[in-house]
Amino acid sequence: MKKSITLYQHNVHIGNLILVNEDYPIVRPFHPQLVPIGSSYAAVSLQRNAAALLSGAFHRIGADERIVPVSGFRPLSEQKQIYEDSLKENGRAFTEQYVALPDHSEHQTGLAIDLGENKDDIDFIRPDFPYEGICQEFRKHAADYGFIERYQEKKTDVTHIAHEPWHFRYVGCPHAALMAERDMALEEYIAWLKHFPYEGEHLFTGNDRYEMEIFYIPMTVPSSPQTAGIPRSVRIPLPKCTAYQVSGNNVDGCIVTLWHGRYAPASSTRRRAG
Ligand SMILES: [Zn+2]
């Protein structure tokens, strides 16, 4: 197991928790590892973990054939095309409400997926994904698989994106569950995590298998002639853990998640030897 981790400025802009919105665009170089979502939807891809967990969620609720992945990863060229086509077909007001500007779309991260209820005529920009039936069943289990409903009606003041019942974002576990529990949009969650800096009190959460520890590492570099062009890096000793994951927030720092295995669940009874 590694004894320390070194984070560089580019780490701020990659990982499951990156915030991509009107204020924070994709920062290049950005090379997500993409895979198709199952064999039936080879044209729709997501980052590897997100694709695997989406398939897992579908399997759990029996959603195959009933929910269709409509749009996943989009390269910049496709986002540009969609934006321009929508301007022509739907006008500016509609487009600004429902289509993100090129480089400001979560779809370019490979972590966002638009889902539609399977029927004959599926709208590509605004697929039906009602709050009932199999679609609602997906929502109920989404957080267990690391997904959040990203643009909720009650959060339009925070996200500045109209209500999109069909758009889900992979943020990973345990973050999706924490966001759901605390009723936070990604913008709010990223801001809240700054209350748990590496050098302060960390955030703890858990399930029956793991205790998870989360903390934030600021990576802002005060710009001055002395620091210009110097890649900022931070090296921290890695606390003892079973596994760890690092993600940038795409704003000003990185979030580290540690998993501590619970080898003796509190609920189990142990027999003393002899
Ligand atoms: Zn979408």
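This passage walks through one helix and the strand pairings of a predicted model.

A good place to begin is helix α1, which covers residues 48–61. At 1.5 Å a residue, its 14 residues should span 20 Å, and the end C-alpha atoms lie 21 Å apart, so expectation and model agree. The buried residues of α1 are Ala50, Ala51, Leu53, Leu54, Ala57 and Phe58. Just after the helix comes Gly62, with a positive phi of about 65°.

Attention can now turn to the sheets. Four strands form an open sheet in the order β4-β5-β7-β6, and their pairing is antiparallel. The edges are held by β4 (67–71) and β6 (147–151); each has a single partner strand, so one side of each is left without a neighbour in the sheet. From one strand to the next, the twist averages 45°. Within this sheet, β5 (residues 112–117) and β7 (residues 164–170) run antiparallel and are joined by three bridges. Here Asp114 is found opposite His167 of β7. Helix α3, made up of residues 133–142, lies across β4, β5, β6 and β7 and runs at about 110° to β6.

Further along the chain, β8 (residues 203–206) pairs with β9 (residues 210–218) in the antiparallel sense, over four bridges. A hairpin of three residues links β8 to β9, and Phe204 faces Glu213 of β9 across this pairing. Strand β9 also runs antiparallel to β12 (residues 253–261), to which nine bridges join it. In that pairing, Pro218 stands opposite Gly253 of β12.

Key:
Residues are numbered from 1 along each chain as its sequence is written. This is a predicted model: local features need pLDDT of at least 70, side-chain atom pairs count only at pLDDT 80 or more; totals for chains, interfaces and linings use all residues. Helices (H or I, at least four residues) and strands (E, at least two) are DSSP runs, numbered from the N terminus. The expected span of a helix is 1.5 Å times one less than its number of residues. A residue is buried if 20 or more other C-beta atoms lie within 10 Å of its own, exposed if 12 or fewer, and partly exposed in between; C-beta atoms are placed from the backbone. Two strands pair if DSSP finds at least two bridges between them. Axes are lines fitted to C-alpha atoms, for helices over the stretch in contact, and angles run from 0 to 180 degrees between N-to-C directions. Two residues are in contact if their C-beta atoms, placed from the backbone, lie within 7 Å.
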